[in-house]
Amino acid sequence: MKGRRVRMAGVAVVLLALAAAYGSHVARASERGLAPVAAPSPPAGDAEAVARGARLAAIGNCMTCHTATGGQPLAGGLPLRTPFGVIDSTNITPDKDTGIGDWSLDAFTRAMRQGVSRDGHLLYPAFPYPHFTQMSDADIAALYAWLMSRASVNAPAPHNALIFPLGFRPLMAVWNRLYLPPESAASATSAASATARDAQAQEVARGRYLVESLGHCGACHTPLNRLGAERRDRALQGGTLEGWDAPALTDLAARPTPWTQAQLTNYLRTGYASEHGAAAGPMRTVTRSLGEAAPEDVEAIAAYLMTLQSNPNAAAPPAAASVHLSTAPANGATLFAAACASCHGAGAAMSIDGHRPSLSFSTAVNADSPRNMVRILLDGIAWHESEAASFMPPFAGTFTDAQIAELANYTRARFTALSPWSALDAQAVARLRKESPSR
Ligand code: HEC
Ligand code: HEC
Ligand code: HEC
C-alpha cells in the first residue's frame with residue numbers, strides 16, 4: 001500500500017509538471033456542456049439497432065464494468081483500481097437524474113470519442129475511451145439505441161477516492177493531449193475494411209477494428225507507461241492488471257501447443273479451448289461477455305490475432321516429457337496429492353470425462369512469471385451458474401504463503417520441463433496476495 005502511494009504521488013508530480021507546461025489547456029478546465037434532452041434523441045425503439053447494439057455491447061464489456069457486484073445492471077458503482085487511484089464506474093442506464101437518460105446521441109458520441117461527460121467534465125481513462133474513440137458512427141449509434149432501451153435505475157454517482165491532485169479532472173486535458181489517439185485513426189481502420197478485396201482480408205480488417213476499438217484488448221494486454229497510458233510501441237505485448245498478467249497476444253504460436261484460429265475462436269466465445277488452459281481471472285468475464293457477441297465478430301477477432309503472430313512456426317517450449325521432479329519440493333508433492341490430484345491428477349474425472357487438458361498445457365504454468373499460477377491458486381475459478389465442471393476452489397484461506405509457493409513450484413516441476421521460477425517463496429506470495437483488489 002505504501003509503495004502504491006509513493007508511485008501514485010510520483011504520477012501526480014509528473015502530471016502537475018506537465019500541467020505547468022501545458023498551462024493554457026488546463027486553464028480551459030472542461031469542455032462545453034451539451035444541453036440535456038427531454039427524451040432520447042434519436043428516440044429509442046428501432047428494434048434492429050437495439051439488437052445490434054446489444055451484440056456490440058458484449059464486445060465492449062460495458063455490462064461488466066458498469067455493474068457493481070450484486071447491483072442493478074448498468075447502474076455503475078464497480079470500483080476499478082487504476083494508476084490514479086480507485087475510480088467507480090458510473091450509472092449509464094437511461095435514468096434522467098442519475099444516469100444518461102437526458103443525453104443526446106451527440107453527447108454520447110462525444111463521451112465515447114473524447115472522454116467528456118455531457119455537462120463538460122473530463123472522464124478518466126479507466127473508461128476505455130482511448131479505444132472507443134476509433135468506433136464508427138453507426139456502431140456508436142447502435143450502442144446508444146441499446147442503452148436507451150434498458151431499464152432505468154436511480155443510483156447516484158459514487159464518490160471517487162483519488163490521490164490529490166489527480167482528483168482534479170482538468171488534468172485529464174493534458175493526458176488527452178499526450179495520449180488520446182486522433183479520431184482520424186477510426187476512419188483509417190474503416191477505410192481499410194472498405195477497400196479490403198477478398199472475404200478473408202475483410203474478416204481480418206473487421207477483427208482489427210474490433211480489437212483496437214470496441215474490444216479494447218490492449219487495455220489489459222498492452223503494458224502501460226507511468227501515466228497509465230498504453231505503450232503503443234508495444235501494443236498487445238503483455239500487460240499487468242489487478243494482480244494478473246495478461247499475456248502477450250503476439251506470441252500465441254510459441255505456447256506449449258501453438259494456438260490455432262479455431263481454438264482461439266472457441267476460447268474467446270466460451271473460455272475453453274482444446275489443448276489450452278481455461279480462461280481465469282479478468283479474462284473469464286471477457287469471454288463470458290464475448291459469448292453474447294455475434295459469432296462472426298468473434299471469429300474475425302481470432303482471424304486478426306492470427307496475423308499478429310510473427311513466427312507461426314516458432315519452436316514451442318519443450319513438452320513435459322522429461323519432468324525434473326528431483327528438484328521439486330517434497331512438501332509440494334504431499335500438498336498436491338491431498339488438495340489437487342482429485343481434479344488434476346492423471347485419470348481424474350475432469351480430464352477423462354470433462355476432456356480438459358493436463359496442466360502441462362496451461363499458459364500460467366508455463367509462463368516466465370509465476371504471477372498467474374499463484375493468482376489462480378489464491379482466487380480459484382469462481383462457480384458460475386451451471387458450469388460446475390469449471391469450478392476450482394480458492395485456496396487463499398486454506399494455505400499459508402509458504403505452502404502456496406511449494407504448490408506452485410511443484411506444479412511447475414511436475415507438468416513442465418522448464419527451469420523453476422527463481423525466488424518464488426513465501427515473501428513473493430505475500431506480495432502477490434496484496435496485488436489483488438479483492439483481498
Ligand atoms: C474497464 C471498465 C469499463 C468498460 C469496459 C466500460 N466502461 Fe464506461 N466507464 C467506466 C468508468 C470507470 C467510468 C467513469 C469515469 C469517470 O468518472 O471519470 C465510465 C464512464 C462512462 C460514460 C460516461 C458517463 C457519465 O456520466 O459521464 C459512458 C457514457 C460510458 N462509460 C459508456 C460505456 C459503454 C457504452 C461501454 C461499452 C461499450 C463502457 N462504458 C465500457 C468504465 C468502463
Ligand atoms: C480486463 C482485462 C482483459 C481484457 C479487456 C482482455 N483480456 Fe485477454 N486476458 C486477460 C488475462 C488476465 C489473461 C490471463 C488469464 C488466464 O491465464 O486464464 C488473458 C488471457 C487471454 C488469452 C489466452 C492467452 C494464452 O496463451 O493463454 C487470449 C487469447 C486473450 N486473453 C485474448 C483477448 C482478446 C482478443 C481480448 C479483446 C477482445 C482480450 N483478451 C481482452 C485479461 C484481459
Ligand atoms: C474441484 C476441482 C479442482 C481442484 C481441487 C483444483 N483445481 Fe485447479 N482447476 C480446476 C478447473 C475446473 C480448472 C479450469 C481448468 C480447465 O478447464 O482447463 C482449474 C485450473 C487450474 C490451473 C490453471 C489452468 C489454466 O491455465 O487455466 C492451475 C494452474 C490449477 N488449476 C492448479 C491447481 C492446483 C495446484 C490445485 C491444488 C492446490 C488445484 N488446481 C485444485 C479444478 C480444480
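**Entry 1: His221**

I began with His221, which counts as buried because its relative accessibility is 10%, below the 20% cut-off for that label. A reminder to myself: this is a predicted model.

Next I looked up what His221 binds. Its NE2 atom coordinates the iron atom of ligand 2, together with SD of Met283, at 2.1 to 2.3 Å. I then asked which parts of the chain this pair connects. His221 sits in helix H11 (residues 218-221) and Met283 in helix H13 (residues 282-290), so the two tie together parts that are 62 residues apart in sequence.

I also checked the geometry at the iron atom of ligand 2. There are six donor atoms, the angles among them run from 87 to 180°, and the site is octahedral. For reference, I noted that ideal octahedral angles are 90 or 180 degrees.

**Entry 2: the other iron**

How many donors does the protein give to the iron atom of ligand 1? I found a single one, NE2 of His66, 2.0 Å away. I located His66 in the loop that runs between helix H4 (62-65) and strand E1 (79-82).

**Entry 3: the nonpolar cores**

I turned to the largest nonpolar core, which has 51 residues. Which of its members touch the most others? They are Phe108, Met135 and Leu143.

I listed the elements that supply two or more residues to this core: helices H3 (47-60), H5 (105-114), H7 (137-148), H10 (199-212), H12 (261-270), H13 and H14 (295-307). H7 gives the most, with eight residues. Where does this core lie with respect to the domains? Domain 1 (2-180) and domain 2 (186-307) both contribute residues, so the core lies between them.

I picked Phe108 for a further look. Leaving out residues up to four places away in sequence, I found that Phe108 touches Ile100, Trp103, Ile140, Leu143, Tyr144 and Leu147.

There is also a second, separate core of 29 residues, and I noted Ala364, Ile376, Leu377 and Ala408 among its members.

**Entry 4: Thr257**

My last stop was Thr257, in the loop between strand E5 (244-246) and H12. Is Thr257 buried or exposed? Its relative accessibility is 13%, so Thr257 counts as buried, again by the under 20% rule.

What does the Thr257 side chain reach? I found the backbone oxygen of Glu275 at 2.8 Å. Apart from neighbours within four places in sequence, the contacts of Thr257 are Glu275, His276 and Phe361.

Conventions. Residues numbered from 1 in each chain as written. Chains lettered and ligands numbered in written order. Predicted model: local features only at pLDDT ≥ 70, side-chain atom pairs only at ≥ 80, totals over all residues. Heavy atoms only, no water. Donors = N, O, S within 2.8 Å, 3.2 Å for Na, K, Ca; no water. Tetrahedral: all angles 85-135°; square planar, octahedral: opposite > 155°, others 65-115°. Helix = DSSP H or I, 4+ residues; strand = E, 2+ residues; numbered from the N terminus. Buried < 20%, exposed > 50% of the residue type's maximum accessible area, 1.4 Å probe, protein only. Core = buried A, V, L, I, M, F, W, Y, C linked by side-chain atoms within 4.5 Å. Domains from an automatic or database assignment. Contact = heavy atoms within 4.5 Å. Polar contact = N/O pair within 3.5 Å; in protein donor to acceptor, adjacent residues only side chain to side chain.
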